[in-house]
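Q: I have a protein model in front of me and would like to learn how to read its features one by one. Could you guide me through it?

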Amino acid sequence: MDISAISNAAVAVTTLASLFISLWVFFTQVKHARESLSASILREYEQQFFYSPPFLAARVATCHFLRAQIEKGLTCSAVRQIQDADGMLPDAAWQVIDFLDSLATAANRGTVDADMAFSKFFYFYHRYWVQLEGYLAHSRFRKLDGDVDYYVDLEIFYKELIRHGTKSRGLKLSDYTKQQVDDFFDYEVAMNSNASSELAVRTG
């Protein structure tokens, strides 16, 4: 092999190496940019979910409603049999549902990272979804003539959270006992009633 051939080979190798490094840098920057965007978007969701007095009040009202329904015997499975169960929901519950749906839509479009969303919201998303799903069982795909499906993203994202948690976080789900449901309602009401009042005073 003459000097010219060796030189050409060296140039080719150097060019390929430079191309590989450039591509690696590019995709790394894209990955970091997506993670940064995801974190920024999730901070906005966190701000509403954990620190907005009206939304904290909506969570408290939703838990009061759900507990009252369960005490009447309207458990998740019983509610699922009622054709117009969504008409029973108070405005506060719709605020919670719409929040979860907005988060689900962002995640399903790839705007929010699944692992970040799992870390921040799975505990609440899972428990609210389990309690509210029955009310949407017959209306989740509500359609007006020629209109789009509603609340489809909720279930898709819920299943993705379960899949991700099972695969990457060792998640093991079991049916909730009545005591666990009560404990969740107690936690939500106690924590958010106080927080809502304090934040309202601070921001008022």
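A: Let us begin with a term: helices (H or I, at least four residues) and strands (E, at least two) are DSSP runs, numbered from the N terminus. With that in hand, we can place Gln69, which lies in helix 2. Please keep in mind that this is a predicted model, in which local features need pLDDT of at least 70 and side-chain atom pairs count only at pLDDT 80 or more, while totals for chains, interfaces and linings use all residues. Residues are numbered from 1 along each chain as its sequence is written, and side-chain values use heavy atoms, with hydrogens and water left out.

Q: How many helices and strands does the protein chain have?

A: The secondary structure of the protein chain comes to 7 helices and 0 strands, and the pattern read along the sequence is α-α-α-α-α-α-α.

Q: Is Gln69 buried or exposed, and which residues is Gln69 in contact with?

A: Buried means under 20% relative accessible area, exposed means over 50%, and partly exposed lies in between (1.4 Å probe, protein chains only). Gln69 counts as buried because its relative accessibility is 5%. Contact means heavy atoms within 4.5 Å; leaving aside neighbours within four places in sequence, Gln69 is in contact with Leu74, Met88 and Tyr135. For the protein chain as a whole, buried residues make up 36% of the 204 residues. Among contacts between residues at least 6 apart in sequence, 81% join residues at least 24 apart.

Q: What should I look for around Glu188, which is found in helix 7?

A: Start with the burial of Glu188, which counts as buried because its relative accessible area is 0%. Not counting residues up to four places away in sequence, Glu188 touches Arg59, Val60, Cys63, Phe124, Tyr128 and Ser193. A polar contact is a pair of N or O atoms within 3.5 Å; within protein, one must be able to donate a hydrogen and the other to accept it, and residues adjacent in sequence count only if both atoms are side-chain atoms. The side chain of Glu188 makes such a contact with the side chain of Arg59 at 2.8 Å, and another with the side chain of Tyr128 at 2.4 Å. Glu188 and Ala61 are 127 residues apart in sequence, yet their C-alpha atoms are 9.8 Å apart in space.

Q: How many salt bridges does the structure hold, and what counts as one?

A: Side chains of opposite charge can pair when their charged atoms come close. A salt bridge is a side-chain nitrogen of Lys or Arg within 4 Å of a carboxyl oxygen of Asp or Glu, and the structure holds 9 of them. One of these pairs Glu46 with Lys120, whose closest N and O atoms are 3.8 Å apart. This pair links distant parts of the chain, with Glu46 in helix 1 (residues 3-51) and Lys120 in helix 5 (residues 114-136), 74 residues apart. Glu46 counts as buried because its relative accessibility is 17%, whereas Lys120 counts as partly exposed because its value is 40%.

Q: Where in the chain are Asp186 and Arg67, and how is their pair described?

A: The side chains of Asp186 and Arg67 meet in a salt bridge of 2.8 Å, N to O. Here too distant parts of the chain are linked, since Asp186 is in helix 7 (residues 178-203) and Arg67 in helix 2 (residues 53-71), 119 residues apart. Asp186 counts as partly exposed at 39% relative accessibility, and Arg67 counts as partly exposed at 22%.

Q: How do I check the length of helix 4?

A: The expected span of a helix is 1.5 Å times one less than its number of residues. For the 18 residues of helix 4 (residues 91-108) this should give 26 Å, and the end C-alpha atoms are 25 Å apart, which agrees. The buried residues of helix 4 include Trp94, Ile97, Phe99 and Leu103. Just after helix 4, Gly110 takes a positive phi of about 85°.

Q: What area does the protein chain expose?

A: Accessible areas come from the Shrake-Rupley method with a 1.4 Å probe, and for residues only the protein chains shown count as cover. The protein chain exposes about 12,200 Å², of which carbon and sulfur atoms supply 58%.
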